[in-house]
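Please look through the sequence and the model shown below before reading on. The paragraphs that follow go from the overall layout to single residues.

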Amino acid sequence: MSRPPLNSPFLLGFDEIERALDRVARSGTDGYPPYNIERIPRSENEPERLRITLAVAGFTRDQLDVSLEENQLVIRGRQVDDRERHFLHRGIAARQFQRAFLLADGMQVLGADLVNGLLSVDLVRPEPARVIKKIDITARD
């Protein structure tokens, strides 16, 4: 699916959005590992959060890497093939993956957790402070 460029004379300053859309379009369409994105409602102690959960069965904590590269959350998994093992049937492949999520400005990563083969990464967007700026009016004679 192609999308029209954002180079209309009426769309000024949207070049960053166009670059973000290009990045998302270039990201792999491979469905591995499968993932969920859910909204966690606000509680008494915590703000509303987003949780990305990836199914990474077979990966240890040392084989996973979660990093923030500019405004992109990048999750990588690296498994090394054990050459000492002799398989009669190999249905579970040791594979590598990289999954990237483009984050909006202001999004913060709270942390990552690996439980029962599910890697969860929690994100939050802090409530912006309401800014009111007084503009002085000058009088010209």
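Helices (H or I, at least four residues) and strands (E, at least two) are DSSP runs, numbered from the N terminus. With that in hand, alanine 104 can be placed in the loop between strand 5 and strand 6 (108-115). The model is a predicted one, in which local features need pLDDT of at least 70 and side-chain atom pairs count only at pLDDT 80 or more, while totals for chains, interfaces and linings use all residues. Residues are numbered from 1 along each chain as its sequence is written, and side-chain values use heavy atoms, with hydrogens and water left out.

The protein chain contains one helix and seven strands, and along the sequence these follow the pattern α-β-β-β-β-β-β-β. Of its 141 residues, 22% count as buried, where buried means under 20% relative accessible area, exposed means over 50%, and partly exposed lies in between (1.4 Å probe, protein chains only). Alanine 104, at 37% relative accessibility, therefore counts as partly exposed. Its C-alpha lies 8.7 Å from that of arginine 125, although alanine 104 and arginine 125 are 21 residues apart in sequence.

How are the strands arranged? Strands of a sheet pair through backbone hydrogen bonds, either parallel or antiparallel; here two strands are said to pair if DSSP finds at least two bridges between them. One open sheet has four strands in the order 1-2-7-6, with antiparallel pairing. Strand 1 (35-40) and strand 6 stand at its edges with a single partner strand each, so one side of each is left without a neighbour in the sheet. Neighbouring strands of this sheet are turned by 20 degrees against each other on average, direction ignored, where axes are lines fitted to C-alpha atoms, for helices over the stretch in contact, and angles run from 0 to 180 degrees between N-to-C directions.

Within this sheet, strand 1 and strand 2 (residues 49-55) run antiparallel and are joined by six bridges, and asparagine 36 has threonine 53 in strand 2 as its bridge partner. The side chain of threonine 53 also makes a polar contact of 3.3 Å with that of serine 120, a polar contact being a pair of N or O atoms within 3.5 Å, of which, within protein, one must be able to donate a hydrogen and the other to accept it, while residues adjacent in sequence count only if both atoms are side-chain atoms. Serine 120 belongs to strand 7 (residues 118-124), and its relative accessible area of 16% is the reason why serine 120 counts as buried.

The other open sheet to follow has three strands in the order 3-4-5, and its pairing is antiparallel. Strand 3 (64-69) and strand 5 (97-102) are at the edges, each with a single partner strand, so one side of each has no neighbour in the sheet. From one strand to the next, the twist averages 15 degrees. Six bridges pair strand 3 with strand 4 (residues 72-77) in the antiparallel sense, and serine 67 stands opposite valine 74 in strand 4.

Two loop residues complete the tour. Glutamate 70, in the loop between strand 3 and strand 4, has a positive phi near 55 degrees although glutamate 70 is not a glycine, and its relative accessible area of 75% makes glutamate 70 exposed. Asparagine 116, in the loop between strand 6 and strand 7, likewise has a positive phi, of about 50 degrees, without being a glycine, and asparagine 116 counts as exposed at 77% relative accessibility.
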